Amino acid sequence: MAKSRQHFSSQDSSLSPTSVRSKEWEGPSRWTEYFCPEPSPMTSRSSRTAGPDGQIVQSAGVSHKGLNMQWVVQLTEVAEGLMAKMYRLNQILGYPDPVGHTFTEAFWKAGVFPNHPRLCLLLSKKFPEHYSKLQLERVDKVALDALHDNAELHLQSLEPWVQLLLDLMAFREKALRLILDLSSTVITLLPHQNSLILHAFMDLFCSFVRVNLFSEKIPRKMMLQMYNLLHAISRNDRDCDFYHRLVQFIDGYDPPLKGLKEDLNFVSPRIGEVLEAVGPIIFLSTDTRKLRNEGFLSPYHPRYPDILTNSAHPMRAQDLANVTSYREWVLFGYLVCPDELLCVTSIDIALVVLKENLVLTLFRDEYIFLHEEYQLFVLPRIIESKKMAKSGRTKQKEADLEYSVAKQVEKMISEVHEQALLSCDAIHRERRILLKQEIGRMLLFFTDQPSLLAPNIQMVFSALAFAQCEVLWYFQHVGIASSKSKAVRMVSVEIDPSDPTIGFLLDGMDHLCCLVRKYIAAIRGYALSYLSSCAGRIRFLLNTPGMVALDLDASLKSLFQQIVQHLENIPKPQGENVSAITCDLSEFRKDWLSILMIVTSSRSSINIRHLEKATVSTGKEGLLSEGNAAYNWSRCVDELESQLSKHASLKKLYFYHQHLTAVFRNTMFGPEGRPQHCCAWLGVASSFPECASPIVPEEVTKIGRDAVLYVESLIESIMGGLEGLINILDSEGGFGALENQLLPEQAASYMNSASRISITSTKSPKGAMGFPLPGHESRPENNASIKMLEAAVQRLTNLCSVLNDMEPICVLNHVFVLREYMRECILGNLRRRLLAVLKTDNDLQRPTVLESLIRRHISIIHLAEQHISMDLTQGIREVLLSEAFSGPVSSLHLFEKTEEQHTGSATEAVCNWYIENMIKDISGAGILFAPIHKCFKSTRPVGGYFADSVTDLRELKAFARIFGGYGVDRLDRLLKEHCCTFKLY
């Protein structure tokens, strides 16, 4: 904690009130710290010239008539940085509740605020009243005197966070001005006409809303009031220069939704237009039956299976990849623009999305309760509209329709929370089952027909995006307790922690990404071929009479010519040299975005509608449709990895890694768990360090450490499962049930019992003897246990095969090789098993029985060894040798271990039992050697046996086979030592 505060204070030593003011309204340089550091030359080609879907646009060369998209993308990045700082502040302060004025002990000990709760709470609760009106000396005179003594020190600790408030205020003004400008100048924001600009605009819109909603979670009022008080103490009762502006900003956004509604009122109609346009895609994404029956995620046509490339819904497949963004747009859009709900189609769109969500994620794992916010801030506005419509019924006919719609919206918002509590998990479980099936079919199909992967790559992205959304939704809602609107009591959402579909989705996503990477050259080759053919189509469209008649200005005409040149200069893929082609299409994308910035602006004389009318009459795709398609395919040439990362990255699961571990343990070794899924669960950790924000450098260390601990925890669970499978097979209910042999005593007892039973009797002697007879496993009533045994063998071999084939997992500078962990687990389990079976009920296990148990365990290891590419037999020898040899390990040259380590615990235990029970009690037990039987005899049991049971030739040979020459030597030395002792007596 202290390190974090030192970082921020030392980072900006010029944060005096005057320097803060001078910095406040600077140009782009004021946001420099919020931008990602410059990438390497290899990655800078794409990351600084791309567009709305994760790229930065350098639009310096764009005409003044065009849109300034550079700031749109950069401010979205600034929003991420601001939220990262607020998230870090919340961590330092122990996650306070500024709205309820609830602050923990950690808050006051964090060192950000003076540890004077009475003063701080008063300043916060009385906001925006000036401190001079609060008579602070009457509240806590001692605390006020302490503030006078340490004002400069407290000022220094608060300055970085007050700078954050200034940045939030500056971001609000800059982003709002840009949003209003775009809303008033962009001609169309429909996804099928202007998707690139639309996504950039809506990303900024959602980021703007997120930042301001998140700001309510930090103690803004206390921070500003205390800073101003400290400033006045150290500056002769003079307020800091920015105090009144910040008071106005914070008060206007208290609560944030009040300020957001006022600020975005002018943008509201455009937001409503966008949300209605994406409604059909949202409806489609929620209709699992239609998705399945019409093959939207299927690589072949559902009604015509012979048509392998599914061209039934090419645009829909591309739109489905963005459905996660569309849902967020709906939730944020109607929350801050409630007037747009007063439309029949909007009611259906909002209902579908609200019914399947309970929380609205702001940043990482920070969220707000969705339905509570709608009931507190949206419902009053709808009720107000209903009253206005009711009062105007006699004046205009439209009022009846307005009243009816407002009443429907009121009913929907009031009831949808209850519906969501009951049905949201079932809705998402059904969707996860659909994705499990569709991704499974995709993998089988594309593995068999890899040549069809490239034409269907957009469909693959859609499937990945769908699965990503469902996995994140699951973990975002695990453990959520939502309060009902009419009852204060909390209702927990029933999320099944042992849902096996999560493992299937993680595994399917992992295999699908591996398949794309395997055939990346083929995908690039297909994309290059498409772009080459696109060049001719665009040139043809530019020369149509309609385009000639438009009389484009010189700058726009030049940009179109550059587009054609870029496409015509693309290298032609020939044979198998596609992977060797290096092609940078960032300039092509930059020029195409420049064209879009011009033609979608109302300030331009030639706009998007002119171009569509001029080229669509040819009967082919319009010019803009061709250009947008070329833009998307160009990203499959040099940015395929970033596309995969966008649609399939699960790095956000880091913030739920504790739930992730719990769900893994519940599902991995459950009845529907699959050993092959563990690779995907482990592989997720590789992306965790990407969550670290460059704004907060210490996050890299913390997240990296957590990722390593997550992997170690999962490996421990996996190895525990592996050990459990081996032990199940090694138990008496496992392979032990298949190799039952009667000991000599048992056989004699059985024969005696059988001789006393009448030959005509049908009664089995089994029940009388109390032990199973050989061959009992073949009885019909034991079929179930045999099937379970076969399933355990299958699961063991599958797990060994999967872990053996798994690539090393890299997390920062840590590399985890599962084969090595598996070897240590198997051999360590063998050692523990050997020591465990030495004795039974504090007595020695007979050497012949011990030998059979060890052989059984080793046979299971050999079974696993067939699926592992390493020599476990050598490891078995080392374990047996280390337990047989009694002495320092340094004497054994085969081992590379410390000289202090001693071995032979198994040999010591057996030899000591012989000495304690046979030698020391030789007279008391009446132990004598019987030459005829070649063994020792005793008059009473020694330990749990008569002497001949453990000293005959068969038992001693078994001892020699188990412990070898080292064990025999040890027993011989102990015998000689104690025999010498007897001679002395």
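His101 counts as partly exposed in this predicted model, because its relative accessibility comes out at 24%, past the 20% mark below which a residue is called buried. The residue sits in the loop between helix H4 (69–93) and helix H5 (105–109). Its backbone is a bit unusual too: phi is near 55°, a positive value in a residue other than glycine. Gln135 has a positive phi as well, of about 50°, and is not a glycine either. This one belongs to the loop between H6 and H7, and with a relative accessibility of 41% Gln135 is again partly exposed. For context, most residues other than glycine have a negative phi, and most peptide bonds are trans.

On the peptide-bond side, the loop between helix H6 (117–125) and helix H7 (136–139) also holds Pro128, which is joined to Phe127 by a cis peptide bond with omega about 10°. Another cis bond links Asp254 to Pro255, with omega about 0°. Here the proline lies in the loop between helix H12 (243–252) and helix H13 (256–263).

Turning to charged pairs, side chains of opposite charge can pair when their charged atoms come close. The whole structure contains 33 salt bridges. One of them pairs Glu273 with Arg270 at 3.1 Å, N to O. Both residues are in helix H14 (residues 268–286), three residues apart, or about one turn of the helix. Glu273 is partly exposed at 29% relative accessibility, whereas Arg270 is buried at 13%.

Lys702 and Asp706 make a salt bridge too, with their closest N and O atoms 3.0 Å apart. Because they are four residues apart in helix H32 (residues 698–729), about one helical turn separates them. Lys702 is partly exposed, with a relative accessible area of 35%, while Asp706 is buried at 13%. Elsewhere, Arg327, Glu356, Arg431 and Glu470 are tied into one network by salt bridges that share partners.

A salt bridge of another sort, at 2.7 Å from N to O, brings together the side chains of Lys386 and Glu410. This pair links distant parts of the chain, with Lys386 in helix H19 (residues 370–391) and Glu410 in helix H20 (residues 398–448), 24 residues apart. Both partners are buried.

Gln468, finally, is placed in helix H21 (residues 457–477). Its relative accessible area is 12%, so Gln468 is buried. Neighbours within four places in sequence aside, its contacts are Met509, Ser645, Lys646, His647, Ala648, Ser649 and Leu650.

Note on methods:
Residues are numbered from 1 along each chain as its sequence is written. This is a predicted model: local features need pLDDT of at least 70, side-chain atom pairs count only at pLDDT 80 or more; totals for chains, interfaces and linings use all residues. Side-chain values use heavy atoms; hydrogens and water are left out. Helices (H or I, at least four residues) and strands (E, at least two) are DSSP runs, numbered from the N terminus. Buried means under 20% relative accessible area, exposed over 50%, partly exposed in between (1.4 Å probe, protein chains only). Contact means heavy atoms within 4.5 Å. A salt bridge is a side-chain nitrogen of Lys or Arg within 4 Å of a carboxyl oxygen of Asp or Glu.
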